[in-house]
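Subject: Structure for you to look at

Hello,

Here is the structure I said I would pass on. Please open it before reading the notes underneath.

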Number of protein chains: 2
Amino acid sequence: MTENFRFDLSATDGAARAGLIATPRGDIRTPAFMPVGTAATVKAMHPERVKALGADIVLANTYHLMLRPGAERIAQLGGLHRFMNWPGPILTDSGGFQVMSLAKLRKLDENGVTFQSHIDGARHVLTPERSMEIQHLLGADIQMQFDECVRLPCSDAEAGRAMELSLRWADRSKAAFVRKPGRALFGIVQGGASEALRLESARALAGMDFHGLALGGLAVGEPQEVMLAMIDCTVSELPADKPRYLMGVGSPDDLIESVKRGIDMFDCVMPTRAGRHGLAYTSAGKVNLRNARHADDPAPLDAESANAVTRTYSRAYLHHLIKAGEILGMMLLTEINLAYYQELMAGMRAAIAAGEFARFAAQTKEGWARGETRE
Amino acid sequence: MTENFRFDLSATDGAARAGLIATPRGDIRTPAFMPVGTAATVKAMHPERVKALGADIVLANTYHLMLRPGAERIAQLGGLHRFMNWPGPILTDSGGFQVMSLAKLRKLDENGVTFQSHIDGARHVLTPERSMEIQHLLGADIQMQFDECVRLPCSDAEAGRAMELSLRWADRSKAAFVRKPGRALFGIVQGGASEALRLESARALAGMDFHGLALGGLAVGEPQEVMLAMIDCTVSELPADKPRYLMGVGSPDDLIESVKRGIDMFDCVMPTRAGRHGLAYTSAGKVNLRNARHADDPAPLDAESANAVTRTYSRAYLHHLIKAGEILGMMLLTEINLAYYQELMAGMRAAIAAGEFARFAAQTKEGWARGETRE
């Protein structure tokens, strides 16, 4: 058992990197996609299936878990891994993003954020110290500094203020982080859509000896080219020997474009949320199963898929389940999407190792663009 | 592969019977509990898991499937087994019960029932001939005669009228049934809560050479003792060499009391519906996971269960999932309940074979009555 958190690069292809994060709870192959287990469950999925589809690590949300069922309760019950029956590595976010997007009556100052729960209106305070305490109580393997995440577009002045506050909170998060063998703390680059601010944030964090660095405050409404520009101007400042995590991203195309630029880790609700709403991600692009043209189609979404669910159930059946509001429809499409995302990550890892990332990316995009001949 | 529908009794213990129904699609061990797959899915369950928990056969609803996605469509897609990825035997009901309980603006006459769909208000007609045609299009292994099911309590005059109509419809159903090797047609005893009417119905149907006989119109609001009295007065009139199916029943206690009286087959939404609402069936009785007393309880529902889900997930986690409205909570509790129901059926089958049904029934009921020492 590896007692320490370790990151080893095994191959590069241009800026794209393939490697391995070793943790006491298991290895994480990078580039890695982390399914989102918001409230201690990857929605509509048995944890064994999440693992079987290729996930080495899942993400859970500090904000949701602190409100319900509570971090102290989960600690009392033996920690988040046992609670949700996921023995592998878990990354928790800091709660900052959800406080901004979900909580009511937020009040932010130097100390932290006071807010009301979106569930029952109860008042809560989240500070760098409390965020780290919660992540420690949950027992997360990879923990994130507490930060302030602004919505885009926003003024550079506002983005700069939030970025500087996040740097001071990075210091406090580091001081409050409970060190244990194999546990890691990541800093988060902020700076809105300003290259100068992003650069300043990245340089400051690079000197702070975090175990890894994340790009935060992206995929929050800006066009893809803005996001990619922010990666481009930041990534060279990030230490090459530490994992780079692009938070909350993204679409299959976002993943390819970001891996190409040197990103190692991702999380996103897109495959799971889209699945619950009848949208499938496939090698031939997105397929909306709600569409009536699927009602009589006996073909599966992908007869060549390595995933049995993807190649077994007909579009007609998936269409029927989604139209009828059946839970099984959400279960099957969530699995189909997570399988496709993990297949895409595995494909990128293999392509980087073979020095064929550009060809893999082009072929994959051609498949999406070609769409389905049946359509 | 058995080409014919065959029922063999292997053991009796008092009136209780254990046996096997052989069909080309697989054997059905009796007494059997059939999970309900209303709209071509046992709600919140992968079909493989339904099978793995011990189900040899599932039920699907003619009424639901004729409205959505349509029987002709399912036939075009290769039949219900392929559609829902359930290769084993399927029993379909006749649609009569749901027309009475779900449809709008019903008009019943000698010919059949005209009604409006509860989904889109479209007008439909269901007759014995159309019900048999639909069940044939679906490809059901066991098909049910079209009948009229009255709600209890009702007058004997009303129950008698519906029973006599159902007998005439039994004749028409038999004439319309599409015979194929291994396919079976069951008649349905009606007669409300009147012993005389039930007896008359059972005697008439017993002489009609059905492959099996069902008791319908029970578990529709009457006390358990009324239902059991109706079984008692009917069962001796039913041919001993044909399976007896009590439709829509029931609670674990209903199952024991009915098997004790000679019933071989059951279906009920109770385990699946209760599971989606946070109620678990266990060897220590019913457990309501919504109750706050489970919030900090690290114990699983049954540490001794043969089913991994039942012995793995803590009550605290199940409570959390149900409170948070998480789909995984419905998935896990549905599985826990179906596992308990199948375990109960397997226990009864073994007890009958060993001549110990009375002891098994008493011990099982003691377990429910004792409840949980933890409570």
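The notes below cover the interface first and then a sheet.

This is a predicted model, in which local features need pLDDT of at least 70 and side-chain atom pairs count only at pLDDT 80 or more, while totals for chains, interfaces and linings use all residues. Residues are numbered from 1 along each chain as its sequence is written, chains are lettered from A and ligands numbered from 1 in the order in which they are written, and side-chain values use heavy atoms, with hydrogens and water left out.

Interface

Chain B and chain A each put 36 residues into the contact (heavy atoms within 4.5 Å). Together they bury about 3,100 Å², 61% of it on carbon and sulfur atoms; buried area is the accessible area (1.4 Å probe) that two parts lose on being put together, summed over both. B:His46, B:His320 and B:Ile327 supply 19% of what chain B buries against chain A, more than any other three residues.

There are 4 salt bridges across the interface (a side-chain nitrogen of Lys or Arg within 4 Å of a carboxyl oxygen of Asp or Glu). One of the pairs in a salt bridge is B:Asp296 with A:Arg73, whose closest N and O atoms are 2.7 Å apart.

Sheet

In chain B, 3 strands (DSSP E runs of at least two residues) form an open antiparallel sheet in the order β1-β2-β3. Strands count as paired if DSSP finds at least two bridges between them. β1 (6–13) and β3 (26–30) of chain B are the edge strands. β1(B) pairs with β2 (residues 16–23) of chain B over 7 bridges, and B:Leu9 has B:Gly19 in β2(B) as its bridge partner.

Regards

Technical notes: Helices (H or I, at least four residues) and strands (E, at least two) are DSSP runs, numbered from the N terminus.
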